[in-house]
Amino acid sequence: QVQLVESGGGLVQAGGSLRLSCTASGRTFSSYDMGWFRQAPGKEREFVGAIRWNGEPLYYADSVKGRFTISRDNAKKTVALQMNVLKPEDTAVYYCAAKLAGNIARAVVTTTTTYTYWGQGTQVTVSS
């Protein structure tokens, strides 16, 4: 069992930066690949990026590539999402999610149903 808690969301102006953090409970954090997703009002939850259990970045959505970076610290049981050059269209609730390490095919990693555990989300609002 893994419980995930996101933090770090807030209001920022376009062009600014935010760093989201996701803290996990449980003793087997290093057994999980981690993903970040987001959901804007009236839209489906979409993939943002993912990182493998060993810290290897996996994939990023095209819309965030070059602006967002995922990292993790297995000793601290945390995964971070550094978001730079934020745009109004990045406004959403951001979620971290965990899946047991294994299949890292893009079609698998980018799909919400692949992930077993989810945090409650943190709101990010980017003003223009």
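**Reasoning through the labels**

Mentor: Let's start with the disulfide: the torsion about the S-S bond of Cys22 and Cys96 comes out at about 55°, so this one is right-handed. Keep in mind that we're looking at a predicted model.

Trainee: How do you know that Cys22 and Cys96 are joined by a disulfide?

Mentor: Check the sulfurs. The S to S distance is 2.0 Å, and the cut-off is 2.5 Å. The pair falls within that cut-off, so it counts as a disulfide. Applying the rule to the model gives a count of 1 disulfide.

Trainee: Where in the chain do the two cysteines sit?

Mentor: Cys22 belongs to strand E3 (residues 18-25) and Cys96 to strand E9 (residues 92-100). They are 74 residues apart, so the bond links distant parts of the chain.

Trainee: Is Cys22 buried or exposed, and how do you know?

Mentor: Its relative accessible area is 0%, and buried means under 20%. So Cys22 is buried. Cys96 goes through the same way: 0% relative accessibility, therefore buried.

Trainee: Let's zoom out. What makes the protein chain agree with a compact globule?

Mentor: A comparison of radii. With 128 residues, a compact globule would have a radius of gyration near 14 Å, and the protein chain has 13 Å, so the two agree. Along the principal axes, the C-alpha atoms fill a box of roughly 40 × 30 × 25 Å. As for burial, 41% of the 128 residues count as buried.

Trainee: Which secondary structure elements does the chain have, and in what order?

Mentor: It has 1 helix and 11 strands. Reading from the N terminus, you get β-β-β-β-β-β-β-β-β-α-β-β. Contacts reach across the sequence too: among those between residues at least 6 apart, 61% join residues at least 24 apart.

Trainee: What about the surface and the charges?

Mentor: The accessible surface is about 6,300 Å², with 50% of it belonging to carbon and sulfur atoms. There are 14 positive and 9 negative side chains, and the centres of these two sets lie 5 Å apart.

Trainee: Now some backbone. What makes Lys77 worth a second look?

Mentor: Its phi is near 60°, a positive value in a residue that isn't glycine. Most residues other than glycine have a negative phi. Lys77 sits in the loop between strand E7 (68-73) and strand E8 (78-83).

Trainee: And Val85, what is its phi?

Mentor: About 50°, so positive, although Val85 is not a glycine either. Val85 is in the loop between E8 and E9.

Trainee: How exposed are Lys77 and Val85, and why do you call them that?

Mentor: Partly exposed runs between 20% and 50%. Lys77 has 26% relative accessibility, so it counts as partly exposed. Val85 has 47%, so partly exposed is the label there as well.

Trainee: Which label does Glu56 get, and what makes it so?

Mentor: Partly exposed, because its relative accessibility is 34%. Glu56 lies in the loop between strand E5 (46-51) and strand E6 (57-60). Its C-alpha is 9.5 Å from that of Asp33, with the two positions 23 residues apart in sequence.

Trainee: Is Asp33 buried or exposed?

Mentor: Buried, because its relative accessible area is 2%, against a cut-off of 20%. Asp33 lies in strand E4 (residues 32-39).

Trainee: Which residues does Asp33 touch?

Mentor: Leaving out residues up to four places away in sequence, its contacts include Ile51, Trp53, Arg72, Lys99, Leu100 and Tyr115. Arg19, for its part, is 14 residues from Asp33 in sequence and 19 Å away, C-alpha to C-alpha.

Trainee: One last residue. Why does Thr122 count as buried?

Mentor: Its relative accessibility is 10%, so it counts as buried; the label applies under 20%. Thr122 is in strand E11 (residues 122-127).

Trainee: What is Thr122 in contact with?

Mentor: Apart from neighbours within four places in sequence, its contacts include Glu6, Ser7, Leu20, Val93 and Tyr94. Between Thr122 and Leu100 there is a C-alpha to C-alpha distance of 23 Å, and they are 22 residues apart in sequence.

How values were computed: Residues are numbered from 1 along each chain as its sequence is written. This is a predicted model: local features need pLDDT of at least 70, side-chain atom pairs count only at pLDDT 80 or more; totals for chains, interfaces and linings use all residues. Side-chain values use heavy atoms; hydrogens and water are left out. Helices (H or I, at least four residues) and strands (E, at least two) are DSSP runs, numbered from the N terminus. The radius of gyration is taken over C-alpha atoms; the globule rule is 2.2 Å times the number of residues to the power 0.38. Buried means under 20% relative accessible area, exposed over 50%, partly exposed in between (1.4 Å probe, protein chains only). Contact means heavy atoms within 4.5 Å. Accessible areas come from the Shrake-Rupley method with a 1.4 Å probe; for residues, only the protein chains shown count as cover. Lys and Arg count as positive and Asp and Glu as negative; His and the chain ends are not counted. The place of a charge is taken as NZ of Lys, CZ of Arg, CG of Asp or CD of Glu.
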